Structures are given as structure tokens and as C-alpha cells.
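Here is a short walk through one protein chain. Keep the sequence and the 3D view side by side as you read.

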Amino acid sequence: MGVNSVTLVGRAGRDPEVRYFESGSVVANLTIAVNRRSRDDEPDWFNLEIWGKQAQVAADYVRKGSLLGIIGSFKLDRWTDRNSGEERSKPVVRVDRLELLGSKRDSQEAGGSFGGGQASDEEIPF
């Protein structure tokens, strides 16, 4: 038996890139920055891949600086570079659950800052 579970809380590094497919599927890709314990350390960055209804929620509500909580699993995307022919790979967290943790105002004020903020239940859009 194996376990592949990732839980992260951090801030969106950019607005989601959203793609819609003819089949009706939707995918959102973005990055999340997670602070380390020491303020002197740089944050850790993770690539996120979100599918389905949660991808649409990300498209509608997540912006650069939004405080997010995610639960997902780790995967390694692999492909062959068209120009060089080299094998490439990129670690990605496939998100199973997306939680919007910050308020709308908190996200707007965050901009490039990765500090924390608390939101009341009334400030979360659903």
C-alpha cells in the first residue's frame, strides 16, 4: 500500500491559466508559494493542476496573491523537448480539493506579498 498525498497552504504566484476542451473538460494551471518557518528563507514554489468544477472555481476566484489551501497528489509530467529532443520532466501537484482561504480584499492587498491573513466565513464566496 502506498500513500501519495500533498497538503499545502500558500499564495497564488500568478493568475490561473485556464484551458477549455471540446469535451467540456476544463483545466487550470498555476503556481503556489509556500513560506518556510524562517522569514529569511525564500518560499517553496509548487506547480498546480486543477481539473473540473474546481478548475472553474479557480478561474473565477483565484488571482495572484490569493491565499489557498490545497489537497492533492504528486505527479511527474514527462515529455520530449521539440527543439532539443531531450527528455524533460516537471513536478506537479494534481489538486483534488481547493479551498479559498483569504478574503477578496486580502487577495487584492497581497499582490506580491506572501504574508498571511485571516478571513471570516462571510468573506468567502461560497
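Leaving aside neighbours within four places in sequence, which residues is N29 in contact with? Hold that thought while we set the scene. The model is a predicted one.

Start with the overall layout. The chain has two helices and six strands. Read from the N terminus, the elements run β-β-β-β-α-β-β-α. Of the 126 residues in the chain, 33% are buried. Contacts across the sequence matter for the picture too. Take the contacts with a separation of 6 or more: residues 24 or more positions apart account for 58% of them.

Now back to N29. This residue is found in strand β3. Its contacts, with neighbours up to four places away left aside, are R14, D15, P16, E17, R19, L48 and E49. Is N29 buried or exposed? N29 counts as buried because its relative accessibility is 19%, and the cut-off for buried is under 20%.

Move along the strand to T31. T31 also has its place in β3. Its relative accessibility is 14%, so T31 counts as buried. Not counting residues up to four places away in sequence, T31 touches R11, A12, G13, R14, W45, F46 and N47. R14 appears among the contacts of N29, and R14 is touched by T31 as well.

Past the end of β3 comes a loop. N35 is found there, between β3 and β4. With 39% relative accessibility, N35 counts as partly exposed. Look for G10 from this point. N35 and G10 are 25 residues apart along the chain, yet their C-alpha atoms are separated by 7.0 Å.

Next, see how the strands pair. β1 and β5 run antiparallel and are joined by six bridges. One place to find this pairing is R11, whose bridge partner in β5 is L67. R11 is also one of the residues that T31 touches.

β5 has a second partner. How many bridges join β5 to β6? There are 13, and the two strands run antiparallel. Here L76 has P91 in β6 as its bridge partner. β5 and β6 form a hairpin with six residues between the strands. In that hairpin, G85 takes a positive phi near 80°.

β6 pairs with β4 as well. These two strands run parallel, and three bridges join them. E49 finds its bridge partner, R94, in β6. E49 is already familiar as one of the contacts of N29.

Turn now to the nonpolar residues. In soluble globular proteins, nonpolar side chains tend to be buried together. The largest nonpolar core of this model holds 19 residues. Within the core, L30, L48, I50, V62, L68, I70 and L98 touch the most other members. At least two core residues come from each of β1 (6-12), β3 (26-34), β4 (44-51), α1 (53-61), β5 (67-80) and β6 (87-100). Which element gives the most to this core? The answer is β3, with five residues.

Take I50 as a way into the core. Leaving aside neighbours within four places in sequence, I50 is in contact with V26, V27, A28, L30, A55, A58, V95 and L98. Both L30 and L98 belong to the group that touches the most other core members.

Finish with a pocket. The second largest pocket has a volume of about 160 Å³. Its lining is made of R14, E17, N29, L30, N47, L48, E49, D77, K90 and V92. Several of these have come up before. R14, E17, L48 and E49 are among the contacts of N29, and N47 is touched by T31. β3, β4 and β6 are the elements that give two or more residues to the lining. β4 gives the most, with three residues. By type, the lining residues divide into three nonpolar, two polar and five charged. L30 and L48 line this pocket, and L30 and L48 also count among the core residues that touch the most other members.

Note on methods:
Residues are numbered from 1 along each chain as its sequence is written. This is a predicted model: local features need pLDDT of at least 70, side-chain atom pairs count only at pLDDT 80 or more; totals for chains, interfaces and linings use all residues. Side-chain values use heavy atoms; hydrogens and water are left out. A nonpolar core is a set of buried Ala, Val, Leu, Ile, Met, Phe, Trp, Tyr and Cys residues joined through side-chain atoms within 4.5 Å. Buried means under 20% relative accessible area, exposed over 50%, partly exposed in between (1.4 Å probe, protein chains only). Helices (H or I, at least four residues) and strands (E, at least two) are DSSP runs, numbered from the N terminus. Contact means heavy atoms within 4.5 Å. On a 1 Å grid over the protein atoms alone, a cavity is a set of points where a 1.4 Å probe fits but cannot get out, and a pocket is an open set with protein on both sides within 12 Å along at least five of seven lines; lining residues have an atom within 4 Å of a point. Grid points are joined across faces, edges and corners, and a volume is the space filled by probe spheres set on the points. Ala, Val, Leu, Ile, Met, Phe, Trp, Tyr, Cys and Pro count as nonpolar, Asp, Glu, Lys and Arg as charged, and the others, Gly among them, as polar. Two strands pair if DSSP finds at least two bridges between them.
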